[in-house]
Structure formats: structure tokens, C-alpha cells
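Work through these exercises with the model open. Try each task before reading its solution.

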Amino acid sequence: MARVMLARARARFGVLAGVATVAFLLTAFLAVVLGILVSAPTSAARAAVVAAEGSDGAARWHTRLAGDATAQADAAARVLDRFVAPHSASWGRSVQTAPIAALGGDPLRVVLLADPAAPARADLVEGAWPDDAEAADAAASVDALPAAVHAGAAAATGLESGSVVELEGARLLVVGLWAPVDPADPAWAGDPLVSSGAADDAFGPVLVDEAALADVEGATTVRWTVVADATTADAASLAALRAAFPSVTPALANEPDLGGDGIIESGRLDQSLDRLLAGLDAVRALAPLPLLLLGVAGLVALVRLAALLAAERRRETTLLLARGASPSTVARDAAVEAFAIAAPAVVVGTLAGTLALSVAAPLASTLPALPWLVGGGVLLVVAGVLTGTAWAEARRPVVRGSGDETGRTRRAFTAGGVVVLLALAAIALWQFRLYGSPLVPSAGGSTRVDPLAALAPVLVLLALAVSAVAVAGGAGRLLERWGATRPGLVPALPARQLARRTPLYASAVLVLAFAAGGLALTASVDGSWRAFDRAAAAAELGGEVRVALPGRSVVADDDPSAGFDADSAGSGGTAAIPVFRGEVRVGSDPAGLVALPTERLADAAPAAGTPLPPAVATALSAGERGPAVAPGSQVLLGVQVSDAASADPVAAPVIEADAGTGAGRAALAVWLLDADGVAHRIPAGEAAPGRGPAPVATAPDLDGLTLLGVEARLTGGGGDLVVTVADVIAEPGGSTGLSGEMTVSSTSPADRIAAAAADAVVPVVIDRRLAALTDASPGDPIEFRVQTGGATVRAEVADVVAVVAGAEPAILADLAAIGASAFASGAGVPQHTEVWIASDDPAATASTLLDDRSAGFDVDIRADASSTAAVAPALTALWIGAAGAAGFALVALAGLVAALAAARAGEVAVLRALGTTARGQAAARRTELLGVALTATAIGVAIGLVVALLTAPELGRAAVPGAATGLATSFAPSWLPFALGVAVLAAGGVAVAVAAARAVRVRALTALPGGEDR
């Protein structure tokens, strides 16, 4: 029996080789894809932890240092060890003072820091650390405590090793200079002092032992900083860490030893984790695709090869049954043969997959059994398909007329299966389009993958490919009729063969069409995701580089950040605009306000949000501006001040701030707007009833200045004052024509005269989401209250756009118009909170800014807002799945060629006997196979693009969590890799056809009728 089985295997070597190749490829590709997908959450989690810098990677809780610092530290440790430490995170304790002024009239203000872990994150530039024994002895010799000064602070203040710093409650000897290894290390929590050594007129940190802080004057804060561990983090541990954060503050507050001063939270690690976890959820929308592409393509190729094998062995099976073999015996022999053929291929595929995984997904090495489990599953599937096909073939009737020898029942079942497949695909597509994504909200508020919607792209692709095969019979008959009208062997013979062997060619058409469609779908998902991801990042950040200026509220005095321009933007910066981004209330609905110089929006924030029509952009910036003021000019106030009870106002002298008269005075200030709409408050001195020189303010040296107004504030005592402004004169320039009367009192201590009308209507643009909430359309009035400063703004909707960059729902307005409206209403004028920068090289610009961020700002680029880190592994797996499907298609085509070579061996000899040349037979076979391969590929590309049009844009959106809902999806395939993939698939088909033609030509040189039976 073994000899018979071996002989049968040799006779069908080509098809069995195809089965072995499918087993090898399916094992290797599935192992790699599964390994990538399984390890992707862990790799994405660790990449996110590594990428989070400064406060983005830290969570910090701080409070005032208690009298019993040891008990306080122990109580906090109990809480953090319970809630934080078990979840791939570590925490550290440090103590820091508020800026402390040096004694003896020295203007130096230093910040002291006690952090035992700091030396591990810093380099010693010179000298020694404070805990060094020799350093301690040197300090003791001068009755001081040892301290190490930040090298940047030392350079700015002139301190050096050996300097003595006298503070209230402490005398310090500088024993060393240090610099941070990486100021962006999350353990520093984005402290601007650590970055440059100076911030807000303070210098440091000065590292000391905690004992040195016992007697210093000023507030001393103890801090616990939590950072995630990139070496052990995974998706589950980070999710648990994020879930634990809300419990930390209440738990700390419930500890009596923590003190009663309250717990303050800072850091943005929670937001970073939210973004990461949302991204990992979104990846689940793409994860099923590569597995389905591989599984379906491999299974279809295997089933078609098994059908080819059964068809080729039909005569052998009939003979075996006639000699007494039972269907179960035939099935047993097929199972033995399947294991013998597939087992070596599966082992090799497993080893290949393991090797590939070590390169593509190193973290998958923690799952060494995964490739072997995949291999075992593939082996069982191969054996099951071959055995089941052989058993079904053996069950066919042997005697004509005793059963369904004509195959009508089988065709009926096949037709029914096609109908079921089409119905299932239609339902899945409807479900997908209904939800707009495979991800659907669950009852608990999270998201889950809807199985039917996840199957939709591959099911529809398979249904269309099967439909193409179903109509191939009719197309073949039409082709046969056309070929019959043409002279010569070609194309008559290929057309006739295609028509008469449609079931045989159906296997190649199906897998080739499915593979080409898979390439089209993959390229479309890839490109559509990339396009949407770029749009989402631009809409979220605004500028190509965004500088966030923390701790800003309303304009008080002149703003040192107001002059941040493209030259300040560092390497590659081409344009920079100030932006106020804050919360407003439209009725009871919260929304975002994005105020900026609208005329320059397109320059500084290219491709961010919805482009404004030129007419709308002009309308937004066409608001009334005050009189022009020359850069650096002297602005003189013609002011008269009187007591409200007196009828005789007199010219107001300027009163020095330290005059100490006790009587009420008016502190005067000139408000200006620069070209970008940033408000500047310039003090002009104090005035009281009496005579003296006119108050004067010096305008900043900025272009495009206009007068916003004049402000008076009651200072120096009580009383009711009337401040009459006769004129405001800018020298050079002359009179601005601004005049009016202000009244200040104890109950109303400030008043203003605005250059613009107080009732001016501000033109704004709103997004569709806010338009739906408020039922507003262009031309409608809208009123909103700015939370920062409290201004109520009367506005008119100039346009409704899909997306406003920076917020959703949102209002877009001109920064100057918002400032003028807030000033005229007597409310606080919001400071700009961000700077948006356009750059030729955003990464270089960000790096330059981060190298010197003494103001403590945060810098982000659009790449930071991208979902690439989470989605890239899934896309890699998807391309691997598409490549595997293409490989299965070529194997199926090669198996078809092998089957044809055996089935048509007699035909070659007959044609030779009839005088057909070997070259002619080769050309006919080549034309036949090329027609099949190229036509199937073209059909696959067409149906793949159809499926992609229906699903790819939504899949691209689903993979970008948190994107603005107004962003439109787009169909944007990655054409280059798509073209390369189709070219490789077509080239493989051509190579198979050429090789088959060459084999026919060789055989046709010597073939004799009946030789195939020898």
C-alpha cells in the first residue's frame, strides 16, 4: 500500500508541491502576522513611554513639607506602593523650596532641591556632589552646608566652586557644578529650571541634603513624581496604572501624616496614557484584516488545490473503489499523505516565521510557542481539507445513473453557497456602513470590535471574487465564439480551452482576483489612514510646531512672550503666530475659542482645519482698529484728575510709587495692539489731583501698533476720582483723537476708555458641531462668554466650517477683535496661550526650542499627535497579509499549470501529430495562461478598489482615536506600493505562464500519442 501511495504522490507531484508550499507560506506568514499583532500593544506601550518627555511622561503630587517629614514620607510611600508600584511604574520623592533671596542686598534668588536620585540623572561638570565626605568637610570648615549648583545657573550668576551663598536660615558652600543628562527626562517633570538653570528670575536648582532645608525661610514643598517603566510596561499594566490615578489623591488626602495643606496634582502622564490606550483600541479596527486576508487566501488556495488534486485522481479513485476500497480507506490514505506532505513544510515555515519575528517584532520572542501553535493549526487545516476533499470525492457514485454523476447537486450546493456568501457580505457591509467602523461603543462606555463589521471588507472582497468566477463560464463561452472566428491556432485554441476548462481555471481566477483585490484594499487603507492621520494631527495642533505657554491668564503688564516670531522659532521656522485657545460658554454649551491673526493662519498653520475662503478671512480681520502708534514712540496722556466730590478738575501730576501720601491716586496705563493682535499694557505712571508733567508710556518696538485704549486704576488709598482724558498724543505721530472720562473708586477700582466702539460685533467662524448645537448659520448673531477674563462677546457668524483647528466644538475669531471686545467691555483681556509655527523642519525647530526653554513652555510637533506608533504594526501586518495572499495566488497558479501539464499531455502529442509546431503549442499555452493571470489580476484590482472605496476611508478614520468629528475622510491609496505589489503579482503570473509554455515546447518536440500512459 505504501508503494501505491508513493506512486500516486509522484504522479501528482506538482499539485502536492503546491499544497506543501501553501502550508509553508501560511505557517510563516500567520506566525509573523500574529506575532506582530500580539506584541504590538506592548511595543506601542513601551514606545509611548519612551517618547513621553517632560511633564507628558510624569504624574506628580505635591504638598507642603510636614513637621514630621519621616512620617509624611512613610504615609505617601504606603499609598504609592499600593496604587502605582504594581503597574510598571516607579516613584521618587524630592523636596524643593520656593525661590529664596540671598542676604546682604544680593539680588540672587535661588531654588534649593533635595533629591537623592538626582545624581543618577545628571553629570557632574566639576567638583563633587553634596553627599561626598570631602565636600562635607570643606563646607563644615567655613560653617556652611555643601551644595551643587546647576551649571546654567552658575554661568548666569557667576557662582563657582568655592562660592559661599548666604540665605535666610542656611549658609551654602558651592562644592560642585552639575548638568542634567536629559532635561526632558520625565523624572524632572518638565521643570524649566532643570532645562536652563533659570526661570522667572530664579536660579537653580541647587542640590543640597534635605537636612539643609530645615531652617530656610519660605515655602518648602515635598513632591512625589511617578514615571512609567519602559522596560516592563505593557498595555494591561498601563491601563491599570491609568485606572489607579484617580484614587491616589483621595488616598493621600486621607493620610493624617500628610498634613492638612491639601494635595496638588500636576503632570500630564494621565493624558499621555489616555491617548495611548485610545490608540490601542483603535488598532483593533485594523487587526482582523491581515489575519482574514491570509486565512481566506490560504484556505481558498488550499481548497482549490485539493479540488484540482481530487479531479486529477478521479479515475484512480474510481479504480480503487471498484477494487474494494471504501471511502474511509481513501480518506485515511489522503490524511496520511497530507501529514507526510505538510508536516515538513509546516516545520520549515515555523522556523522561518520565528526567524522573521525576531527581526520584525523582537518582543514576540517572549512567546516562543506561538509559531509552533500556528504551525500545528495549519497542519490540521491542511490535513482536514485534503482528507475531506478525498472523502467527498470517494463518495461520488461509481456507476452512471446511480446518483448525481452529472454534478447537478454539487452545482446546486455551490450556487446556494454563493448566494449565502453574497447575503452575508451584504449584511456585513451594511453593518460596517451603519457604524462607520468595526469599533462600536459597549454598554460600559468602552469600545469593542463588532465581528460582522470587522469581516465586511474581506467578506465583500471574497464575494465579489466568487461572483467574478461565477460569471467566468459565460464569459468563456463568448470568448470561445470569438476565437472560432479568428484564423490560426492562436487565439482559437486558448479560447476554446478556457471555455471548456472553466471549472479548472476557476481556482486560479479566484485566488488571483482575491490577492489583487487584497493589495488594492491594503494600499487604500494604508493611504487613507495616512491622509486622515495627517489631517487629524494638523487639526489638533494647528501649527506644524506648537509652543504651549503655561500659566497664562489675562494681560497684566507688557508680555515678554509677545514678541515670539519666526526668528524666535529656531531652526527651520518660517512663520509664527500667537494664539489664544481657551474655553467659552455659548449659552450653557461649552465650546473652545481659537483666536489668532486670521490673515496669517494659512502661513503659520498650513493644512490645519478647514481653509477659510478669502472673503471670510478678510471679514474676520476687518474689525475696527484704533489709531496707529509708531514703534518705540512716546505716548503722552493729557489727563485731568479730580475728586468726584469736587467740580474743579486740575491737571494731574505724575506721583512716584513710593510717595506714600495715603490719598487715592489713579494708576494710568496705555493699551496697545500689535500687528498680530496681541495686547500690550504699558504703565504710564500714577496721577492725583494737582499739577505736574503729563503721564507718558513708551510703546514697544513692534510694527503695526494701534491704540487699544487707556486704563485707570485706583491705587494708594481710597476715594472717588474722575479721570478726564483730553487727548492721547503719540510722538512722533501727533494726536490720536482719543478722549473721554473714567471714574474709579473703592467699589469700582478700574475704568477704561476704548478706542473702538464698545458695541462692535465680532465676526466669527464656527464649526459644524457648534452650529448643530446652537442652530446657527452664516449671518446669525451669537453671543459667548470667555472663561478667561470673563468677557461677553457679541458676534456674528461669518461662516460655518467643518473643523476649526485646535478645538471642537469651536469658534474661530481674530485675536485683535477678541482683545478689543474684551477691553471695551471692561473684562480681562486674554493672553495668548500658544504660538503656532510653520517650519521647513519641524523636528529641528522643536529641538532648537527645547534646548533653551527658560520660560517653561512645552513644544509639540504634528508627529507627536500622530497615531503612527500604535497603528504602524497593524499596517505592517496588513501588508504582510496582502503579500501572503499574492504568494498563495501564484502557488495556486503554479498548481494549475502542473495539473494542466498532466491532464493535457495527450493533447500535446495529438497536436504535434497534426502538424502543430512546438513553438505554436507553446504560444497557445502561454496566451491561455497569460489571459487567465492578467485578466484575473485586473478583475481583482477593480473589485479591490470598489471594496476600498466602501471601507478604506472609514477604516482610516477608525485607526485615529480622538480625531475631530468634522474631519472628512478621503480615499487616498498609497499608489506606489500598490503599483509595485500588482506589478510583482502580474510578473509572477507571467513567469509561471512563460515557464509552462517552455515546458510545453520541450514536450512537444518529442511527444507521441499514447505516451502519457506509459
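**Exercise 1. Classify Arg769, then find its salt-bridge partner and place both residues**.

Solution. The model is predicted. Start with Arg769. Its relative accessible area is 41%, so Arg769 is partly exposed. Next, the partner. Arg769 forms a salt bridge with Glu808, and the closest N and O atoms are 3.7 Å apart. This pair joins distant parts of the chain, 39 residues apart: Arg769 sits in helix H20 (residues 768-774), Glu808 in the loop between S31 and S32. Glu808 has 24% relative accessibility and therefore counts as partly exposed. Then look at the bond that follows Glu808. The peptide bond from Glu808 to Pro809 is cis, with omega near -10°. Pro809 lies in the loop between strand S31 (792-801) and strand S32 (810-814).

**Exercise 2. Describe the salt bridge between Arg268 and Asp56, and say where its two ends lie**.

Solution. The two side chains meet at 2.8 Å, N to O. The partners are 212 residues apart and link distant parts of the chain. Arg268 is in the loop between strand S12 (264-266) and helix H8 (269-283), whereas Asp56 is in the loop between H2 and strand S1 (58-64). Now check exposure. Arg268 has a relative accessible area of 24%, so Arg268 is partly exposed. Asp56, at 22%, counts as partly exposed. For the whole model, the count comes to 20 salt bridges.

**Exercise 3. Which residue lies nearest to Asp674 with a side chain of opposite charge, and what does the side chain of Asp674 contact?**

Solution. Locate Asp674 in the loop between strand S21 (665-673) and strand S22 (679-687). Asp674 is buried but has no salt bridge. The nearest side chain of opposite charge belongs to Arg625, 5.8 Å away. A salt bridge requires a distance within 4 Å, so this pair does not qualify. Turn to the backbone. The nitrogen of Val678 lies 2.9 Å from a polar side-chain atom of Asp674. Now widen the view. S21 and S22 form a hairpin with 5 residues between them. In the turn, Gly677 has a positive phi of about 95°. The two strands pair in the antiparallel sense over 8 bridges. Leu672 has His680 of S22 as its bridge partner. Of the 9 residues of S22, 7 are buried.

**Exercise 4. Compare the expected and actual spans of helices H2 and H9**.

Solution. Take H2 (residues 13-51). At 1.5 Å a residue, its 39 residues should span 57 Å, and the end C-alpha atoms are 54 Å apart, which agrees. Look along the helix for a bend. H2 bends by about 45° at Ala40, and Pro41 follows within four residues. Then take H9 (residues 288-312). Its 25 residues reach 35 Å from first C-alpha to last, close to the 36 Å expected. Finally, check burial. In H9, 18 of the 25 residues are buried, so the helix is largely enclosed by the rest of the structure.

**Exercise 5. Asp143 and Ala189 have positive phi: is each buried or exposed?**

Solution. Begin with the general expectation. Most residues other than glycine have a negative phi. Asp143 has a phi of about 55°. It lies in the loop between helix H4 (133-141) and strand S6 (145-150). At 65% relative accessibility, Asp143 counts as exposed. Ala189 has a phi of about 60°. Its loop runs between strand S8 (170-180) and helix H6 (192-196). At 17% relative accessibility, Ala189 counts as buried.

Definitions and conventions
Residues numbered from 1 in each chain as written. Predicted model: local features only at pLDDT ≥ 70, side-chain atom pairs only at ≥ 80, totals over all residues. Heavy atoms only, no water. Expected span 1.5 Å × (residues − 1). Buried < 20%, exposed > 50% of the residue type's maximum accessible area, 1.4 Å probe, protein only. Lys, Arg positive; Asp, Glu negative; His and termini not counted. Polar contact = N/O pair within 3.5 Å; in protein donor to acceptor, adjacent residues only side chain to side chain. Pairing = 2+ DSSP bridges. Bend = angle between axes of the 7 residues up to and from the residue.
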